[in-house]
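Hello,

Here is the structure for you to look over. My notes follow below it.

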Amino acid sequence: MSYAPESYDPDNIFAKILRGDLPCHKVFEDDDTFAFMDIMPRTPGHVLVIPKTPCRNMLDASPAQIAAVMATVQKISLAMLEGYGADGITLQQFNEPAGGQEVYHLHFHILPRHEGDTLLPPRTMADADDVAAEAEKIRAALG
Ligand code: AMP
């Protein structure tokens with residue numbers, strides 16, 4: 001079977017965030033990647049990591065885009081364990097509508113986990129002050 005990706009939509013929400021056309025709570029960026037808070041978090045501290053260059057999802061991403069994003073995912077995950085107080089990390093990554101994808105710019109979800117916790121309900125807006133406070137803690141953990 002072959003995969004024929006839909007064309008990349010430069011007006012998807014995350015492209016707008018990258019351009020600064022929409023606000024976000026940034027926690028980290030480097031030359032190739034950008035990380036910010038999910039506004040409908042499945043756990044407190046839920047972070048999204050995206051490449052700065054366009055690709056729809058993991059299926060049309062280049063090896064370089066995947067490598068850059070995964071390096072940032074690892075860096076933030078370690079900071080969550082070492083400086084933020086997480087006991088473990090859950091990663092999520094969805095591809096195409098049937099795979100659960102809703103925003104069509106490659107992203108990995110980093111969910112910091114604590115012993116015995118459960119995921120919050122999906123599609124539920126968090127209090128903006130709570131998201132901002134978690135972002136500050138993660139930035140501090142990243143040093
Ligand atoms: P999915 O494509 O299924 O991996 O989900 C997209 C994710 O983007 C969901 O977890 C949403 O809560 C999140 N999301 C949607 N809009 C925004 C936004 N403006 N800022 C931060 N996160 C968002």
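A pocket here is an open set of points on a 1 Å grid over the protein atoms alone, where a 1.4 Å probe fits, with protein on both sides within 12 Å along at least five of seven lines. Points are joined across faces, edges and corners, and volume is the space filled by probe spheres set on them. The model is predicted: local features need pLDDT of at least 70, side-chain atom pairs count only at pLDDT 80 or more, and totals for chains, interfaces and linings use all residues. Numbering runs from 1 along each chain as its sequence is written, and side-chain values use heavy atoms, without hydrogens or water.

**Pocket.** The largest one has a volume of about 650 Å³. Its lining (residues with an atom within 4 Å of a point) has 25 residues; Asp38, Met40, Glu102, Val103 and His109 are the closest to the centre. Helix H1 (13-19; helices are DSSP runs of H or I, at least four residues, and strands of E, at least two, numbered from the N terminus) gives the most to this lining, with three residues.

**Cores.** A nonpolar core joins buried (under 20% relative accessible area, 1.4 Å probe, protein chains only) Ala, Val, Leu, Ile, Met, Phe, Trp, Tyr and Cys residues through side-chain atoms within 4.5 Å. The largest has 20 residues, and Val27, Val47, Val49, Ile76 and Met80 have the most contacts inside it. Helix H2 (63-84) gives the most to this core, with five residues. A second, separate core of seven residues includes Phe14, Phe34, Phe36 and Val103.

Best wishes

Technical notes
Buried means under 20% relative accessible area, exposed over 50%, partly exposed in between (1.4 Å probe, protein chains only).
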